[in-house]
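Trainee: Hey, I'm new to this one. Can you walk me through it?
Mentor: Sure, have a look first.

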Amino acid sequence: MKKTEKKNVQTPNGQIEMTVTEVDPIPQEIKELSSEELQSIKSDANRAAYFIASFTNSYQKNDYTLKHLDHAFEGWINSGNQSEFNESEVIKIVGSAFGEYCVKNLNMRWVKVSDKYGTDYAIRSQVKDIMGFPYSSVLKSINAKEHTFMIPVYCSLKQEINSNN
């Protein structure tokens, strides 16, 4: 059974309303990543600085924020230019960078989640049973042509991790 509800999330730019859909739990297998998989994610995340510089004029250092990443993602979507960064590359770079940002700032770790629908990389809180799916989030945002999803998703994860539930 699906349950959809509106949820208010506080972001640095004020409160926003997100739609949250809960589905019936399905059996999942959650595995730790190998050192090779983690290295691949870190390598893709390290490409974020170049991606950001390619689509924004103001970025000049390696210490990016989610705002930088969102602006670059918006620039890529609006450019229609997929010669240097095709959709697959953007999913890898932006998904890895977003996930690494959450790992660093929200006490999360990378895991691999498998269920009857397939396998995906996720970030999982080390203190609560909360996960996010950075690559799937990027793909959904590309398909919807949305570009300001990272800060709300990050704030939602943070709010859930810090809640008393």
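Mentor: We'll go through the sheet and then two residues in helices.

Trainee: Okay, what should I know before we start?
Mentor: This is a predicted model, where local features need pLDDT of at least 70, side-chain atom pairs count only at pLDDT 80 or more, and totals for chains, interfaces and linings use all residues. Residues are numbered from 1 along each chain as its sequence is written, and side-chain values use heavy atoms, with hydrogens and water left out.

Trainee: Cool. In what order do the strands of the open sheet come?
Mentor: The order is β3-β4-β5-β6, with antiparallel pairing. Strands (E, at least two residues) and helices (H or I, at least four) are DSSP runs, numbered from the N terminus. Two strands pair if DSSP finds at least two bridges between them.

Trainee: And which ones are the edge strands?
Mentor: β3 (29-32) and β6 (131-132), as each of them pairs on one side only.

Trainee: How many bridges do β4 and β5 have?
Mentor: They pair over 8 bridges, in the antiparallel sense. A hairpin through 2 residues joins β4 to β5, and Asp115 has Gly118 in β5 as its bridge partner.

Trainee: What about β5 and β6, how many bridges there?
Mentor: Strand β5 (residues 118-125) pairs with β6 over 2 bridges, again antiparallel. Those two strands also form a hairpin, with 5 residues between them. Arg124 has Met131 in β6 as its bridge partner, and Ile123 stands opposite Gly132.

Trainee: Which helix packs on the sheet?
Mentor: Helix α5 (residues 134-144) does, touching β4 (108-115), β5 and β6. Touching, or contact, means heavy atoms within 4.5 Å. The direction of α5 makes about 110° with that of β5; axes are lines fitted to C-alpha atoms, for helices over the stretch in contact, and angles run from 0 to 180 degrees between N-to-C directions.

Trainee: Switching topic: is Asp44 buried or exposed?
Mentor: Asp44 is buried, with a relative accessible area of 11%. Buried means under 20% relative accessible area, exposed over 50%, partly exposed in between (1.4 Å probe, protein chains only). Asp44 is in helix α1 (residues 35-46).

Trainee: And what does Asp44 touch?
Mentor: Not counting residues up to four places away in sequence, Asp44 touches Lys92, Ile93 and Ser96. The C-alpha atoms of Asp44 and Glu89 are separated by 8.7 Å, though these residues are 45 apart along the chain.

Trainee: Last one: where does Glu100 lie?
Mentor: In helix α4 (residues 87-106). Glu100 is buried, with a relative accessible area of 16%. Leaving aside neighbours within four places in sequence, Glu100 is in contact with Ile41, Lys42, Ala45 and Trp110.
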